[in-house]
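Open the model in your viewer and keep the sequence panel in sight. This tour goes from one selection to the next.

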Amino acid sequence: MDKARLAAQRDAVVNRKARHDYFIDETVEAGLVLTGSEVKSLRAGKGQLKDSYARVERGEVWLVNAHISEYGPAAQFGHDPTRKRKLLLHRREIDRLGGKLREKGLTLVPLRIYFKDGRAKVELGLGRGKKLYDKRESIKAREMRREVERARAHRRDS
């Protein structure tokens, strides 16, 4: 991607814990229906995806428990910070995700909210929950990668 395209895709909120708690099998981009004060708040980076998830209800996809703080200057017109927010996907994507979610142990996890060409988007991951020993394994692998990188950097400096 060129620099202008990367600048247009600035992350507003990232769910860092999602990849720690879930094996992400695939990702899907969805549009997000927001009010004006929510957009302003997200542009200021005032959002949180911890403990949030997406759910398919009656043929529509909803983002549940995502916290978008109230925007100060628009407080009198405020919004509910944890309200359900509708996600915009094509019908066949909704049907495909709905079918996969009926499988045992799969969850739609929001990985990040970002702006693409001025519009708020959510990257959803189709994830399978990790067990405690899987999390320990991930931490161990990450530590080993860090050690290798440190050794390479040390060797380059010498």
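Select V28 first. In β9, L124 stands opposite V28. Bear in mind that this is a predicted model.

Now widen the selection to two whole strands. Take residues 22-32 for β2 and residues 119-129 for β9. Nine bridges join β2 to β9, and the two run antiparallel.

Stay on β2 and add residues 85-88, which form β7. How many bridges join β2 to β7? Two, and this pair is antiparallel as well. To find one contact point, pick L32: its bridge partner in β7 is L87. While side chains are on display, recall a general rule: in a regular strand they alternate between the two faces of the sheet.

**Next stop: the largest pocket**

Select R16, K17, R19, H20 and R142. Of the 14 lining residues, these are the closest to the centre of the largest pocket. Its volume is about 300 Å³.

Colour the pocket lining by element. α2 (18-21), β8 (106-116) and α5 (132-157) each supply at least two residues. Which element gives the most? α5 does, with four residues.

Then colour the lining of this pocket by class. Eight residues are charged, three are polar and three are nonpolar.

**Next stop: the second largest pocket**

Select N15, K17, A18, D21, Y22, L49, K50, D51, S52, Y53, T107 and V109. These residues line the second largest pocket. α2 and β8 are the elements that give two or more residues to this lining. K17 is worth a label here: K17 lines this pocket and is also among the residues closest to the centre of the largest one.

The volume of the second largest pocket is about 190 Å³. By class, its lining divides into five nonpolar, four charged and three polar residues.

**Last stop: the whole chain**

Zoom out and show the cartoon. The chain has five helices and nine strands. Walk along the sequence and the order reads α-β-α-β-α-β-β-β-β-β-α-β-β-α.

Show the C-alpha trace and align the view to its principal axes. The trace spans about 60 × 40 × 30 Å.

Switch to the surface. The accessible surface comes to about 10400 Å², and carbon and sulfur atoms account for 49% of that. Of the 158 residues, 33% count as buried.

Finish with a contact map. Consider contacts between residues at least 6 apart in sequence: 68% of them join residues at least 24 apart.

Note on methods
Residues are numbered from 1 along each chain as its sequence is written. This is a predicted model: local features need pLDDT of at least 70, side-chain atom pairs count only at pLDDT 80 or more; totals for chains, interfaces and linings use all residues. Side-chain values use heavy atoms; hydrogens and water are left out. On a 1 Å grid over the protein atoms alone, a cavity is a set of points where a 1.4 Å probe fits but cannot get out, and a pocket is an open set with protein on both sides within 12 Å along at least five of seven lines; lining residues have an atom within 4 Å of a point. Grid points are joined across faces, edges and corners, and a volume is the space filled by probe spheres set on the points. Ala, Val, Leu, Ile, Met, Phe, Trp, Tyr, Cys and Pro count as nonpolar, Asp, Glu, Lys and Arg as charged, and the others, Gly among them, as polar. Two strands pair if DSSP finds at least two bridges between them. Buried means under 20% relative accessible area, exposed over 50%, partly exposed in between (1.4 Å probe, protein chains only). Contact means heavy atoms within 4.5 Å. Accessible areas come from the Shrake-Rupley method with a 1.4 Å probe; for residues, only the protein chains shown count as cover.
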